[in-house]
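Work through the exercises below with the sequence and the coordinates at hand, and try each task before reading its solution.

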Amino acid sequence: SLYTTVIAIVTFFYMAVATANSDAEREVLARLVHEIAILEPLISEAESQANPDARIRFRYAWLRQDLKRIRSGIQNHIDAPRNEPRIAPPLRGDYRQ
């Protein structure tokens, strides 16, 4: 499922960060940014197949917003790593309506 794919990618990110050296880490993070971008057509396809009359609907806009935040955070780290932690906005996480 799409949720499982997103969780796998985020988990991959954390594992990659924990085991990589600086240059290798940047390469893996750049690949991760690319992989997240590849999810957009899958999200659009899933959204086009959704039943508009369903009582509980998946919130695709929230998913896109969270993935954009994740991608942006990774890209910011690649472009300008910081020495101190920064505050990131919370993810919504609950995509059911």
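**Exercise 1: a residue in the first helix**

Valine 10 has a relative accessibility of 26% and counts as partly exposed. The model in which this value was computed is a predicted one.

Task: in which helix is valine 10 found, and what distance separates its C-alpha atom from that of leucine 67?

Solution. Begin with the accessibility: partly exposed covers the range between under 20%, which is buried, and over 50%, which is exposed, so the 26% of valine 10 places this residue in the partly exposed class. Next, locate the residue along the chain, where valine 10 belongs to helix H1, made up of residues 2-19. Finally, take the C-alpha atoms of valine 10 and leucine 67, which lie 57 residues apart along the chain and are separated by 9.8 Å.

**Exercise 2: the salt bridges**

Task: state how many salt bridges a search of the whole structure finds, and work out which residues are joined into one network by shared partners.

Solution. The search of the whole structure yields 2 salt bridges. One of them pairs arginine 64 with glutamate 40, with 2.9 Å between the closest N and O atoms. This pair links distant parts of the chain, since arginine 64 is in helix H3 (residues 60-79) and glutamate 40 is in helix H2 (residues 22-49), 24 residues apart. Turning to accessibility, arginine 64 is partly exposed at 23% relative accessible area, and glutamate 40 is likewise partly exposed, at 32%.

The next step concerns glutamate 47, which forms a salt bridge with arginine 64, the closest N and O atoms again being 2.9 Å apart. Here too distant parts of the chain are linked, with glutamate 47 in helix H2 and arginine 64 in helix H3, 17 residues apart. Glutamate 47 is partly exposed, its relative accessible area being 35%. Through salt bridges that share partners, Glu40, Glu47 and Arg64 are joined into one network.

**Exercise 3: the packing of two helices**

Task: are H2 and H3 roughly parallel or roughly antiparallel to each other, and what is the handedness of the crossing in which H2 passes H3?

Solution. Start from the axes of H2 and H3, which come within 10 Å and cross at roughly 165°. Angles over 145 degrees count as roughly antiparallel, and H2 and H3 are therefore roughly antiparallel to each other. As for handedness, H2 passes H3 in a left-handed crossing. The residues of the contact of H2 with H3 comprise 15 nonpolar, 3 polar and 6 charged ones.

Technical notes:
Residues are numbered from 1 along each chain as its sequence is written. This is a predicted model: local features need pLDDT of at least 70, side-chain atom pairs count only at pLDDT 80 or more; totals for chains, interfaces and linings use all residues. Side-chain values use heavy atoms; hydrogens and water are left out. A salt bridge is a side-chain nitrogen of Lys or Arg within 4 Å of a carboxyl oxygen of Asp or Glu. Helices (H or I, at least four residues) and strands (E, at least two) are DSSP runs, numbered from the N terminus. Buried means under 20% relative accessible area, exposed over 50%, partly exposed in between (1.4 Å probe, protein chains only). Axes are lines fitted to C-alpha atoms, for helices over the stretch in contact, and angles run from 0 to 180 degrees between N-to-C directions. Angles under 35 degrees count as roughly parallel, over 145 as roughly antiparallel, 65 to 115 as roughly perpendicular and the rest as oblique. A crossing is left-handed if the near helix is turned anticlockwise from the far one by less than a right angle, and right-handed if clockwise. Ala, Val, Leu, Ile, Met, Phe, Trp, Tyr, Cys and Pro count as nonpolar, Asp, Glu, Lys and Arg as charged, and the others, Gly among them, as polar.
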